[in-house]
Amino acid sequence: MAPNLLLPIRIAQGVFALVTMGLSAYVAHWYNNDTLTASPSQINFLIFVSLWSFISIAYLELAPRFMAKASHPFGILAFNVLNMLFYFAGFIALAVFLGKLLFCRGSVCAAARADAFFAAFSWLLWSASSALVGLQMFKGGFAGLKTDRQAKSAMKEAPQGLGA
């Protein structure tokens, strides 16, 4: 059940990371070019988190298929949980930052609010994938996260001897 759900979740995570990166980059660009201050660290952190998500999605989808020895179940769980924590910290920090502003108007403010919103949904997606991977790993052990090819080869029967 979980492997069928993980691919659509990974696609949604990639789309939301792209949206979050675009909104964060827009706000950072506005701060760096139109104001006398540098972009807030909360915005810069969400740019980092989006990049980290792309790296994580590449590892989580490609390593089990093409580099089975580089793909460990605890590593897969760690990537999911780390992304979940990063997005949680990012959207909370940005929401607190926006809440403390004296005024927030215009397209930059709307982009920053949308950025916090999409980061919150990314946190939900990474929470769901962490829960699915954790359940699959702890129910099925290490074999629960192997690819279909590896699982089928592990399920083959041993050849029977002639004297049996």
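Colleague: How do the residues of the lining of the second largest pocket divide into nonpolar, polar and charged?
Modeller: This is a predicted model, where local features need pLDDT of at least 70, side-chain atom pairs need 80 or more, and totals for chains, interfaces and linings use all residues. Residues are numbered from 1 along each chain as its sequence is written, and side-chain values use heavy atoms, without hydrogens or water. A pocket is an open set of 1 Å grid points where a 1.4 Å probe fits, with protein on both sides within 12 Å along at least five of seven lines; lining residues have an atom within 4 Å of a point. With Ala, Val, Leu, Ile, Met, Phe, Trp, Tyr, Cys and Pro as nonpolar, Asp, Glu, Lys and Arg as charged and the others as polar, the split is 13 nonpolar, no polar and one charged.

Colleague: Which helices each supply at least two residues of that lining?
Modeller: Helices are DSSP runs (H or I, at least four residues), numbered from the N terminus. Each helix that supplies at least two lining residues of the second largest pocket makes the list, which is H1 (2-34), H3 (73-99) and H4 (106-140).

Colleague: What does the secondary structure of the protein chain come to?
Modeller: Read along the sequence, the pattern is α-α-α-α-α. Strands (E, at least two residues) would be DSSP runs too. The chain's count is five helices and zero strands.

Colleague: What share of the 164 residues in the protein chain is buried?
Modeller: Buried means under 20% relative accessible area, exposed over 50%, and partly exposed in between, with a 1.4 Å probe and protein chains only. Of the 164 residues in the protein chain, the buried share is 38%.

Colleague: How many aromatic pairs does a search of the whole structure find?
Modeller: Rings of Phe, Tyr and Trp (its six-membered ring) pair if their centres lie within 6.5 Å. Planes under 30 degrees apart are stacked, over 60 edge-to-face, and the rest tilted. The search of the whole structure finds a total of 15.

Colleague: What kind of pair do Phe16 and Phe118 form, judged by their rings?
Modeller: Their ring centres are 5.5 Å apart. Their planes stand at 75°, so the pair is edge-to-face.

Colleague: How far apart in sequence are the parts that Phe16 and Phe118 tie together?
Modeller: Phe118 is partly exposed, at 24% relative accessibility. Phe16 sits in helix H1 and Phe118 in helix H4, so the parts they tie together have a sequence separation of 102 residues.

Colleague: Which of Phe88 and Phe91 is buried?
Modeller: Their ring centres are 5.7 Å apart and their planes are at 85°, so this pair is edge-to-face. Both lie in helix H3, three residues apart, which is about one helical turn. Phe88 has a relative accessible area of 38%, so Phe88 is partly exposed. At 14%, the buried one is Phe91.

Colleague: What separates the C-alpha atoms of Met137 and Pro73?
Modeller: Met137 belongs to helix H4. With a relative accessible area of 4%, Met137 is buried. Met137 and Pro73 are 64 residues apart along the chain, yet their C-alpha separation is 6.9 Å.

Colleague: And what separates the C-alpha atoms of Gln136 and Pro73?
Modeller: Gln136 is also placed in helix H4. Gln136 counts as buried, at 16% relative accessibility. Gln136 and Pro73 are 63 residues apart along the chain, and their C-alpha atoms are separated by 9.8 Å.
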